[in-house]
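Please walk through this protein model, from its sheet to its aromatic contacts.

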Amino acid sequence: MDTGTTDLLQPVRAIATGVFVSLERMFGGLSEFDYGRIALAILVFALFFLLRRLFRHVFFTIIGKLFTLNMQAFRDDLGRALKGPVELMFVAVGTFLAFEVLKVAEDGALAQFSGHVVQTLLIAAAYWTIIALVDPLMEQAAPRSGRMTETVIDWIRKALKCIVAFFAIVAVLQQWGVRIGPLLAGMGIAGAAVALGAQELFKNLISGVLILLERRFQYGDWVKVPNVVEGTVESIGFRSTRIRQFDDAAVQVPNSDLADNSVINYTQMRRRRIYWIIGVPYSTTVEQLRDIRQQIEDYIHGADDFVSYKQASTFVRIDSFGASSINIMVYCFTKTTNWGEWLAVKEKLAWQLMDIVAKAGSSFAFPSTSLYVESLPADRPEAFLPPEEGRPRLAPIDGAPAAAPPAPNPAASNPAAPKPPG
């Protein structure tokens, strides 16, 4: 181990020496043999490993006394985040003491290996602590920053964790004697080569940053990209955004598609529109049309479900003459933007429209076709009429009744039939 680490661990070594002397006395000089030291070292490591949760509980109990009742939620978040790092720190101490039990020579290979292992565990615990603190600290900082949305906070959280993880890897490599300078230079050259083939990746990364800066959408927003996807935003990553469709299928959309195309954000609507064209038949009189239009307009202006005509465009007008109907346009906005509530308001409006049209003495038109015949051909065939009392009938031609055919003669049709008397 190096001099700095030795100085820091000197108090621990002094305490451990006293503990080990007592253990040696209890085991009757077992440490005089190599296998005895190995068994004792394993016992020490196992003891610290098994008691790591107890140590964590004691540690957080002591730390919890420093927090006030107002910071109880932060204390709980901190406890959940630091659970792993504190246990790893306790295991690192146990690993150090286990190597001390072996009493290896300070200039030997085993001593160097033990120093690297212990320091690697300490470095991992330290950087893991920093990474674990990112989440609770960001949760505390978010309410104090009105400009940072949940999406931006999530990106900052991910970026900080990636940076800390990078420095942790560098520190561990340096601890094991790996030269970082040449490695980083080689990675720079390789990164330039990879960047030429990863242009799409960087394009998506930049597009994701633009989405956050422009605040196009946030988590939970209902968005639609024409001919691409429509659904609820679940997460915005460095390369793609996950959108949950309404059929509950998750779609990973590249950020470049969201940045290059028009994105409709329905969540940001201030109100929802109703635009209908209803048709009444041409038999409807002018007075009936006026009555229908006026009653519909009065209902929309008087109902609390709709935005006032002073705040949003509201029209009920005779719009056009269709192929089989006179069309009335109904154009208004609802106060609610919730889809389910909007459907309920539309349903109430539909019931009201049907009642208004029925009370006005009119009805709703449907597609129909009228056929007008100016004249019929002279040599047209006779129309078929069903027989009456067993005798066939012929339809009249040009208004004159057709002559009735003679009554059927049973004898002529059946020679064996008996002839009538006289």
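The paragraphs below take the sheet, then a helix and its aromatic partners, then other ring contacts and the cysteines.

This is a predicted model. Begin with the sheet. It is open and has 5 strands. Their order is β4-β3-β2-β1-β5, and the pairing is antiparallel. The edges are β4, residues 250–254, and β5, residues 264–265. Each of these edge strands pairs on one side only.

Now follow the chain through part of the sheet. Strand β2 covers residues 229–236 and runs antiparallel to β3, with 5 bridges joining them. One bridge sets G231 against Q245 in β3. A hairpin of 3 residues connects β2 to β3. Strand β3 spans residues 240–245. Its pairing with β4 is also antiparallel, over 5 bridges. Two residue pairs help to locate this register. R244 has A250 of β4 as its bridge partner. R242 is bridged to Q252, again in β4. The hairpin between β3 and β4 has 4 residues between the strands. Within that hairpin, D248 takes a positive phi near 70 degrees. As background, side chains in a regular strand alternate between the two faces of the sheet.

Turn next to helix α5. The helix runs over residues 83–102, which makes 20 residues. Does its length fit? At 1.5 Å a residue, the expected span is 28 Å; the end C-alpha atoms lie 30 Å apart, so the two values agree. How much of α5 is covered? Of its 20 residues, 15 are buried, and the helix is mostly covered. F90 belongs to this helix and takes part in two ring contacts, described next. The structure holds 11 aromatic pairs in total. In one of them, F48 and F90 are 4.9 Å apart, centre to centre, with 35 degrees between the planes. That pair is tilted. F48 sits in helix α2, residues 34–50, and F90 in α5, so the contact links distant parts of the chain, 42 residues apart. Both F48 and F90 are buried.

The second contact is between F55 and F90. Their ring centres are 4.3 Å apart and their planes meet at 15 degrees, so this pair is stacked. The cut-off behind that label is 30 degrees: planes under that angle count as stacked. This pair, too, links distant parts of the chain. F55 lies in helix α3, residues 52–64, 35 residues away from F90. The burial of the two rings can be compared with the cut-offs. F90 has a relative accessibility of 13% and therefore counts as buried, the limit being under 20%. F55 has a relative accessible area of 31%, so F55 is partly exposed.

Other aromatic residues make contacts of their own. Y275, F315, Y331 and F333 form one aromatic cluster. Two arginines also sit over rings. R52 lies over the face of F49, 4.2 Å from the ring centre. R272 places its charged end over the ring of W342, at 4.5 Å from the centre.

Finish with the cysteines. How many disulfides does the structure hold? The count is 0. Two cysteines can still be placed by their accessibility. C162 has a relative accessible area of 49%, so C162 is partly exposed. C332 has a relative accessible area of 1%, so C332 is buried.

Terms used. Residues are numbered from 1 along each chain as its sequence is written. This is a predicted model: local features need pLDDT of at least 70, side-chain atom pairs count only at pLDDT 80 or more; totals for chains, interfaces and linings use all residues. Side-chain values use heavy atoms; hydrogens and water are left out. A disulfide is a pair of cysteine sulfur atoms within 2.5 Å. Buried means under 20% relative accessible area, exposed over 50%, partly exposed in between (1.4 Å probe, protein chains only). Two strands pair if DSSP finds at least two bridges between them. Helices (H or I, at least four residues) and strands (E, at least two) are DSSP runs, numbered from the N terminus. The expected span of a helix is 1.5 Å times one less than its number of residues. Rings of Phe, Tyr and Trp (its six-membered ring) pair if their centres lie within 6.5 Å; planes under 30 degrees apart count as stacked, over 60 as edge-to-face and the rest as tilted. A charge sits over a ring if NZ of Lys or CZ of Arg is within 6 Å of the ring centre and within 35 degrees of the ring normal.
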